[in-house]
Amino acid sequence: MPTLLQKILRVGIATEQLDLAETDVVQVVRQVEAKTRRLLGRSLAIREVDAGSCNGCELEITALTNPLYDSERFGIHFVASPRHADLLLVTGPVTRHMEVALRKTYEATPDPKLVVAVGDCAKTCGVFKGSYAIAGSVDRIVPVDVFVAGCPPEPTDLLRGILTALDRWPKS
Amino acid sequence: MMQTLFLLTICAYSLGALGAILGGRGQLGRSLVGALAAIGATAGLLLGLTVIFTGQSFTAFVPALLPVGGGLALRLDPLGAFFLSVIGVVAIPASLYGIAYNEIYESERGSLRLLGAMFNLFLLAMSLVTLADNVFTFLLMWEGMSLTSYFLVITESDEAETIRAGNWYIAVTHVGVAFLVAAFLMLTGNASGAFSDLRVHASNLSPLARDLVFLLTLLGFGSKAGIIPLHVWLPRAHPAAPSYVSALMSGVMIKLGIYGLLRVALDFLGGGPAWWGVLVLVVGSVSAVLGVLYALMEHDLKRLLAYHSVENIGIILMGIGAGLLFHSYGSMSLAVLGLVGGLYHTLNHASFKGLLFLGAGSVLHATGTRNMEEMGGLMKRMPWTALFFLIGAAAISALPPLNGFVSEWLVFQALLKGLNIPGIEAAIAMPLAVGMLALTSGLAAACFVKAFGITFLAMPRSHEAESARESPLLMRIGMGMLAAICVVLGPGAIAVIPLLSRILVGLGGLAEVPVSLTEGVSLQVPTSSSQIALPTLALALLLAIGSIPVILKLLRVNFRLRRSESWGCGLTELTPRMEYTATAFAEPLRRVFAELYRPSKELTIDTHPESKYFVQSIAYRSEITPWFDRMLYTPLLHLIGYIANKIRRLQSGLVHLYLLYLALALMGLIFASRWIER
Amino acid sequence: MTNMMSYGLEIGQMLLALALAPGLVGLVRWLKARLQNRLGAPPWQPYLELRKWLAKDVVMSTNASWIFQATPYIVFGSTVTVTLLVPLIATPIAFDAVGDLLVVVYLLLLGTFFLALAGLDAGTAFGGMGASREMTIAAIAEPTIALSISGLAIGSGSTNLGQILTTTLTDPAAAISPSHFLAFAALFIVVLAETGRLPIDNPATHLELTMIHEAMILEYSGRYLALIEWASWTKFLLFLSLLANLFVPWGMATLVTLPTLALATAAWIGKLILLASAIALLETRVAKLRLFRVPELLSLSFVLALLAVTSSLVLK
């Protein structure tokens, strides 16, 4: 216990500031209503859907909750059920097997809701394009609000993407 | 007035029995038989209430029909009147319910004549048990009650299981009667069998004889009440009987065991040493905890309820045991507290267990199965049954503000107050009993989440459940009456509890009412007081629950609701086979109490002949044999079988030998009589 | 104390409890974030979550019945009723004679009962799993609660909160008796179990296989979710207040005047912050127990409670 506390004290706050500069990684497809922005801007629950990715994007997404990126400081956290979610974070080219699951997840999420598609595959199907196992990019299956490009995108890009979807930059 | 009610009770039941024999078939016949039973029960209830309210005992005029053993003597004092009223409370709804339920026996299955006649006679015998005023009448009616209920249990005699259940029942019940006869013989001695003489004679008995009488009574009445380990007939007989009969047997008949215990231990013997109370308390605690633990493992809805009867008898006995213990210490007001708790739980258990059995019967009626694993989704198909069953489930789980909570609260208070009693017995027994009671009520809540949730909620697990229909109106009326009683007896405790403490006045030197009533139930015992006001609580709860939607509306909260399929993690289809089963629900508790259950496991995995990594089928089987079956009854039955085999040699079939037996027996009797005379 | 004032106090403490509950949970989360070297969400984050849930749509399973819809109201209503019964800042309160500690425990069990039913209602395996686990833990926590209550009731001879508090206030020596400490330890473990904290249940987990409380409410959304979560936060606050006030009642107002009430509120909030910090520290330190190790922890608490009762009987 004392060593643990000592370590906690020594490290202090590990969270890094988020760079405000706009990147070209984030592509906004649809503008969010002002009302939704006000509502979800301060408290956002994410359900992650792996629709067939290589798990590269998942590694980066997992990093969002660690002390360095700490998505919770923006009121962003991950939840277990789409019923609790406000935003679906979809990765990967949508495989045939995950097509129904993705649709059902979208269906199960209460309104108002947003969809952020993560990674190059989600937009273009990447190297999997043309495969018999692929149903198409994410926007072919469910309406997408924001694309975050990258293979895989960095956690900071993900945060920017999500915050762009809400059109809200962190203060300071 | 009372004589009229009494005659009405007797006549209605008798006419009902007669009518059933002459022709209880068809809509009209069934209605007539059921209506007569209901009339008899109503008259009995009114008679009981009159005696309770006036406090005047009622002596019935009985012509000297039977000259044996002092003939029939009937007198109703407040204690008997309370139990007579309890009979009425369950018998009226059960009779009405039975009219509709009996339709399934219109076909060849079972005999409606026998059923109707035995049902009325059963009610009559039970009523007269509470009225009996001498040993002969009591034992006669007791036996009549057992026999008639035996015939009711084996109504569906086309099933081997039913016959076996009947055998268990009749065997255990007669072992009980043997104990009772012995107890009453000791109590009677040379006196006449009249109860008034027994009281006098009991005070002259030696302490040892008194202890023996008490133990015999506890065993004898305990076998009827269903204390562990004499409860074995309960989980067998209750599922076999028609559901409304189960309601009566479980709701009322086993309570007469409590009546008998109170009558002998408190009224005749006038209380006893502290260990009597401790023994009853221990028996009660063990029955309560084991009853509910075995109930948790049951998936037969009616057997589950039967085990809960064992549990609730345990709770009642905890109250009574605490009462007897306080009585031995001379703190009469605390004794009344414990006894009132026990009595109130008797009434409450009669109402909610009656209700639950009627509910289970309604489900059985609609689906044709008692196996919970084949039910589900009945909430939408049988909304009324579901609502009533839910009320019963909440009441038995002791959730405020329903009636089960009040009586468990009273028993809790009695046990808590017992901590302040100086005396090593109390110091050890009471804290453990408090823990056991709490564990019991927690487990009961878990069990009824299972019973209600698996049976009524989510998706139907079988075709029968899928196509289930709501039960006929009369059945719903029967359930509705008991549900209303469960709700009313919660906040209504204010009115009932003083009556209960008045019933006890005079029994074993107990005096008037320490349970005072101001706003709610408040217990004023010398050292301390605890209070609850259930009407206010119920009102506050209703107001709180009811005002939330209004406040949300005023706050302009989003009220949009969209229906969509259940979230199954993106599954293509969520089927009933994926639902949580009753077995799965109880699994954590089965693991926690694995030492007690000792489940047997059998796992068979069929693999592909080519490779053991390709599994073709997995069969898993797990069974629980209750420990009293394992440790007690199986060896006992073996022993009896062994002895019977040995004794068989006596039956040689030779007439000469039998003549020798006769002569020997005669001589033995002559010697015995000589010896006794001297 | 006039009637008007005492009922005003009742309403006041109810509103106070409901208003502070999200903040308390937010505080624990914030403290935990800081202990994990994170910036963390601000302590008022739960209020924003509530606002969001109340504005969102509800999606309800086609399998579910009216139990699913009634449960949030029953859970919230029963918790609100409990806020009327537990003295938070002043004692005795007007509702003291309405319900004692047993009523408090069983009212909360009422909420748990319906929540477990609602968990089964949608027909999903997770809901059933959550319901089964929640009821298991609730059942085996019950004996400890009852015994701790008896341990507390021995001194005053009553299970009514007002009398227990008055007895402790008038006899401070009782508060440092061994039985008091044992009962506190026992009740503390049970509070962790009942409110779904580590090491019994992890409030921050979203891994389905380890969830207990959250598994039952996976189907809930919108205003229903808001009500259930708010109720569970309030339950957390109530249990902490019980721990604080039953064992360290000093600071509570015995007279209803504005300055004493203000002082009492400050003292109460102080005690809550202290306990919340302790829980945050504990949750940083310990790992979640395997489900089938939880009964061991709870039997430990049962033994502690039993010791509390017997020691108070022996030392009396």
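Which elements of chain B each supply at least two residues of the lining of the largest cavity? They are α2 (26–54), α3 (78–101) and α4 (112–131). Let's look at the enclosed spaces of this predicted model, and then at one of its pockets.

**Cavities**

The count comes to 11 cavities of 30 Å³ or more. In the largest cavity, α4(B) provides the largest share of the lining, with four residues. There are 14 lining residues here, and those nearest the centre are B:R30, B:V33, B:G34, B:N102 and B:G116.

The second largest cavity takes us to chain C, where its lining includes C:L101, C:I145, C:S148, C:F239 and C:L246. Two or more residues come from each of α4 (101–121), α5 (125–156) and α10 (222–247) of chain C.

**The second largest pocket**

Back in chain B, 38 residues line the second largest pocket, and B:M297, B:E298, B:R303, B:E623 and B:I624 are the closest to its centre. Among the elements that give two or more residues to this lining are α12 (301–329), β8 (615–623) and α24 (627–647) of chain B. The top contributor is α6(B), with five residues.

**Volumes and linings together**

Here are the three spaces with their volumes and lining make-up.

| Space | Volume | Nonpolar residues | Polar residues | Charged residues |
|---|---|---|---|---|
| Second largest pocket | about 1,100 Å³ | 14 | nine | 15 |
| Largest cavity | about 110 Å³ | seven | six | one |
| Second largest cavity | about 90 Å³ | 11 | one | none |

Technical notes. Residues numbered from 1 in each chain as written. Chains lettered and ligands numbered in written order. Predicted model: local features only at pLDDT ≥ 70, side-chain atom pairs only at ≥ 80, totals over all residues. Heavy atoms only, no water. 1 Å grid on protein atoms, 1.4 Å probe; cavity = no way out; pocket = protein on both sides within 12 Å on 5 of 7 lines; lining within 4 Å. Points joined across faces, edges and corners; volume = space filled by probe spheres on them. Nonpolar A, V, L, I, M, F, W, Y, C, P; charged D, E, K, R; others polar.
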